[in-house]
Amino acid sequence: MRVALLDDNLALGGQIWRAEATRDVNTAAARWIRRAATAGAKMVTRARVFDAPAPGVLAAEMNEGDEERRIELRYRQLLVATGARERFLPFPGWTLRNVLGAGGLQAMVKSGLPVAGKRVVIAGSGPLLAAVAAYLRHHGAEIALLCEQAPASQTAGLALALAKYPGKWAPAAALVWQLAGVRRATNCWPIAAEGDEVLRAVRVLRNGRETRIACDYLACGFHLVPNLELPLLLGCRTRGGYIEIDEAQRTSVANVFCAGEPTGIAGVDAALIGGQIAAAAAAGRPISARQKRARRRWHRFGMALDRACALRAELRLLAGPETLVCRCEDVAYARLASCRDWRDAKLQTRCGMGPCQGRVCGPATRFLFGWQDVSIRPPLFPVPVASLAAAATPDTGAEPAFEAVAGKNDS
Ligand SMILES: Cc1cc2nc3c(=O)[nH]c(=O)nc-3n(C[C@H](O)[C@H](O)[C@H](O)COP(=O)(O)OP(=O)(O)OC[C@H]3O[C@@H](n4cnc5c(N)ncnc54)[C@H](O)[C@@H]3O)c2cc1C
């Protein structure tokens, strides 16, 4: 089989492994990447799929320094593993400078932003918050407060579930150790960020009582949302907010498999086992009983995570009439409140039509108003008009600029 791996990042490895793999050759990340390379897979980085113009064809934009180049990929079988992103919810002041995504701030520190001596409040929901807190603390930040919106009774469910996953014990214990002495609160969420141009303080509500905390950064994230845009564009069906798959990770579209976070937010181990199963199925190899068992276990873990991070209804009341919900197109809450649905909001207000293409305000409006995205259309990301025009009329007979074919008989 001929196999190509396409990723829009500079380095392979996805959300949590891309930095590791380049830094240390002995990590699991680096070992997997080496294994793929020695197996003869073609690795293409900085290439972002923005369209699926015909069955078996993907259009991608490839970034080569200052130049953007459109490439066309043909495939017999496709494994979609587009990952997840943080969910943001609007509250007064959330667009102030230094109010950032929790993972976003972590990425900035990884790229060199100094946080030594800075006071940081971390707020939202999910295990990512604690991981980010530990990371920032390690880099010298003072964690003023780590707040989780869910009540302790809800997060306890995840702690109990963790007990069944011995592989998670050591990292969980390390986190507890790294966060010793950090003020933590459950039942606690940000109600406003204050400042002139830049953040000065955060007001949080904790067990019904309001507290104001002076800080330099507010790192926020309300768990994760799966990146479903590409599988939806391909026509894959969803169930319960994730891509519907069978035991072999097959989607509802013939020859399209899906693995990782679009099939359930369950962390790196679930993504690994899902990827291995999908690849085995695509190659016509058997899936072992051990792999099936592991997949079921991680699926259960994902469900426990979803329950632990279920958002409380009060978060729907945070945004005031003037609070921007779509920050690309400056659309305030009051303008959206009178819209019927996502489509109406797009037509009337341009909500979701800016550079992020609804990646931030889409999940927020889904939570705030219960809206569903009615359709996903290309381009999935902003691209030059020339690329769009070419993608609209794929020449399926012509020799593509780059071809990735995976199928039996190495054809
Ligand atoms: C900020 C953040 C921090 C996280 N930290 C942790 C953690 O510490 N531990 C943990 O277990 N989990 C963490 N997660 C969850 C994490 O996403 C998974 O554990 C793991 O990375 C899932 O692997 P994946 O292959 O599903 O997705 P990813 O690792 O995200 O890989 C998906 C890749 O596809 C690329 N991609 C997406 N769309 C396109 C496109 N159209 N064209 C080309 N490439 C595309 C992405 O850029 C990415 O490189 C984190 C998630 C986020 C958002």
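**Close-up views of a predicted model**

**View 1. The hairpin of strand 3 and strand 4.** In this predicted model, strand 3 and strand 4 form a hairpin with two residues between the strands, where Gly56 takes a positive phi near 80°. The two strands run antiparallel and are joined by five bridges, with strand 4 covering residues 57-64. One pairing to look for is that of Arg48, whose bridge partner in strand 4 is Glu61.

**View 2. The hairpin of strand 4 and strand 5.** Strand 4 also takes part in a hairpin with strand 5, again with two residues between the strands, and Gly65 in this turn has a positive phi of about 65°. Eight bridges join strand 4 to strand 5, which spans residues 67-74, and the two run antiparallel. Within this pairing, Leu58 has Leu73 of strand 5 as its bridge partner. As a general guide to views of this kind, side chains in a regular strand alternate between the two faces of the sheet.

**View 3. The surroundings of the ligand.** Around the ligand there are 27 residues, of which Gly14, Gly83, Gly103, Gly260 and Gly267 come nearest. The elements that give two or more residues to this shell are helix 1 (14-23), strand 3 (47-54), strand 7 (84-86), helix 4 (127-138) and helix 8 (268-282). By residue class, the shell around the ligand divides into 12 nonpolar, nine polar and six charged residues.

**View 4. The open sheet of strands 12, 13 and 14.** Three strands make up this open sheet, in the order 12-13-14 and with antiparallel pairing. Strand 12 (188-195) and strand 14 (209-214) stand at the edges and have a single partner strand each, so one side of each is left without a neighbour in the sheet. On average, and with direction ignored, neighbouring strands of this sheet are turned by 25° against each other. Strand 13, residues 199-206, pairs with strand 14 in the antiparallel sense over six bridges, and Ala201 stands opposite Ala214 in strand 14.

**View 5. Domain 1 and domain 2.** The domain assignment of the protein chain gives domain 1 as residues 88-222 and domain 2 as residues 322-369. The C-alpha centres of domain 1 and domain 2 lie 26 Å apart. Where the domains meet, six residues of domain 1 are in contact with eight residues of domain 2. On the side of domain 1 that touches domain 2, the residues divide into five nonpolar, one polar and no charged.

Note on methods: Residues are numbered from 1 along each chain as its sequence is written. This is a predicted model: local features need pLDDT of at least 70, side-chain atom pairs count only at pLDDT 80 or more; totals for chains, interfaces and linings use all residues. A residue is near a molecule or strand if its C-beta atom, placed from the backbone, lies within 6 Å of it. Helices (H or I, at least four residues) and strands (E, at least two) are DSSP runs, numbered from the N terminus. Ala, Val, Leu, Ile, Met, Phe, Trp, Tyr, Cys and Pro count as nonpolar, Asp, Glu, Lys and Arg as charged, and the others, Gly among them, as polar. Two strands pair if DSSP finds at least two bridges between them. Axes are lines fitted to C-alpha atoms, for helices over the stretch in contact, and angles run from 0 to 180 degrees between N-to-C directions. Domain bounds come from an automatic or database domain assignment. Two residues are in contact if their C-beta atoms, placed from the backbone, lie within 7 Å.
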